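Here are a few notes to help you find your way around this structure. Keep the view open as you read, and take the points in order.

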Amino acid sequence: MENEKVQHKAKILQLLTGLLPSIVFTLLFNSSFAQNLLSGPECASYDPIGNRYLVSCYPIGKIVQIDSNGDQSYLLSGFTRVLSNVIHNNILYFSTVTAVRGYSLSTNPPQLVMNISISGSKQLDGMTVDNNGNLYVADYDYSGTNDQIFKINLSTQAWSTFVPPGVGLGSPQDIEFDLENNRLIVVNWFTGSPIQAVSLSDSTVTNIVENSIGNFDGIARDTAGDYYITSWVTNSVYKYDKNFANPPIVISSGHNGPANISYNAIGNKLSVPNYNSNSITYIDLNSIGIKKIEGSLPNDYKLYQNYPNPFNPSTNIKYQIVKNSFITLKVYNILGKEVTTLVNEKQTPGTYEVSWNGEMNPSGIYYYTLETGNYKNTMRMTLLK
């Protein structure tokens with residue numbers, strides 16, 4: 001039986017049907033090239049040692065691994081449900097509703113090294129690790145006021161209630177460690193709910209954004225300290241500055257149930273599981289800064305050949321549009337699998353340039369496709385290492 005959170009999410013999606021922009025898929029439309037094993041992906045964390053993504057698939061209770069070629073296989077299975085996950089010291093930790101498990105990635109197959117059932121928990125979801133080896137797990141009580149956060153000492157495997165019910169948490173979905181301010185940042189599910197901070201020194205809860213967009217499902221933090229949060233209300237990814245001093249900006253839209261977002265520090269990328277479309281979107285943060293080239297307005301749509309070409313590891317892609325349009329610019333490998341989305345936003349008429357860093361990708365032929373409502377074109381480029 002599906003839990004109340006998933007039922008509530010499905011109702012929201014039905015209400016929004018017909019109001020969403022075009023969906024950004026990464027794996028769903030590529031199933032003709034490789035089998036898509038994803039089912040209700042809830043979290044996708046990057047494993048730097050294995051150069052792969054490990055994906056929690058909630059309804060089927062399995063962990064799917066996606067290698068550097070985009071090929072999928074089951075890594076772990078046999079669980080009733082699987083929610084959030086995090087990798088720390090080459091151990092994969094993940095929640096299974098009322099328990100937290102840890103599997104060493106140093107062995108093949110991975111070996112169980114931790115299995116903790118947390119009494120009194122409702123639905124263990126988002127998790128993060130501080131710099132002292134403590135794992136924090138958000139517990140979400142959809143139907144009541146028993147929201148809480150648990151703390152697990154990974155050395156002793158002793159757990160305790162870090163933030164008890166009734167002290168101000170507002171439906172926590174995911175949490176992120178903020179080293180500079182010695183706190184946790186908490187994002188909550190309900191519409192208009194606050195973004196909160198929890199002090200690690202005394203576990204007090206404060207609101208840092210009083211009324212957010214809400215229906216948040218995931219939060220990640222990049223190496224610069226900025227935050228990225230997914231929302232089911234708008235099916236978008238929002239960026240907040242490290243101090244939450246300014247309003248958020250949309251960096252990606254058109255998702256389909258964006259769940260527990262994760263950050264890959266090596267590739268400077270975000271991975272966004274699309275729960276309702278069984279897919280993952282990868283956002284290259286190196287290309288978020290799209291440059292508009294000043295000059296006369298173009299008379300026609302055009303996609304230029306990238307330069308340099310061949311390239312190693314970065315190249316530039318220039319294009320022009322003639323009217324206000326929703327633009328997508330995507331990169332695919334030779335098998336037709338989407339590698340990254342470089343542009344996914346509304347733009348005004350003009351000439352634009354964006355760069356792509358292929359450092360985390362193998363040498364070979366790649367294709368990039370520019371698409372608007374009135375124009376679509378694909379060009380070929382070569383990454384040569």
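1. Let's start with the largest pocket, which has a volume of about 790 Å³. Please keep in mind throughout that this is a predicted model.

2. What surrounds that space? The lining of the largest pocket is made up of 33 residues, and those nearest its centre are V86, I87, E176, R221 and Y263. By type, the lining residues comprise 17 nonpolar, 10 polar and 6 charged.

3. Several strands contribute to this lining. At least two lining residues come from each of β1 (41-47), β5 (85-88), β9 (124-129), β13 (172-178), β17 (216-221) and β21 (262-264).

4. Now look further along the chain, at an open sheet of 4 strands. Its order is β24-β29-β26-β25, and the pairing is antiparallel. Strands β24 (291-293) and β25 (302-303) are at the edges with a single partner strand each, so one side of each has no neighbour in the sheet.

5. Within that sheet, β26 (residues 314-321) pairs with β29 (residues 350-357) in the antiparallel sense, over 8 bridges. If you would like one pair to find in the viewer, try I317, whose bridge partner in β29 is V354.

6. Finally, a word on confidence. The average pLDDT of the chain is 87, and 90% of the residues score at least 70. Residues 1-33 are a stretch to read with care: the pLDDT there is below 50, although the model gives this stretch 78 contacts beyond near neighbours in sequence.

Methods. Residues numbered from 1 in each chain as written. Predicted model: local features only at pLDDT ≥ 70, side-chain atom pairs only at ≥ 80, totals over all residues. Heavy atoms only, no water. pLDDT = per-residue confidence, 0-100. Contact = heavy atoms within 4.5 Å. 1 Å grid on protein atoms, 1.4 Å probe; cavity = no way out; pocket = protein on both sides within 12 Å on 5 of 7 lines; lining within 4 Å. Points joined across faces, edges and corners; volume = space filled by probe spheres on them. Nonpolar A, V, L, I, M, F, W, Y, C, P; charged D, E, K, R; others polar. Pairing = 2+ DSSP bridges.
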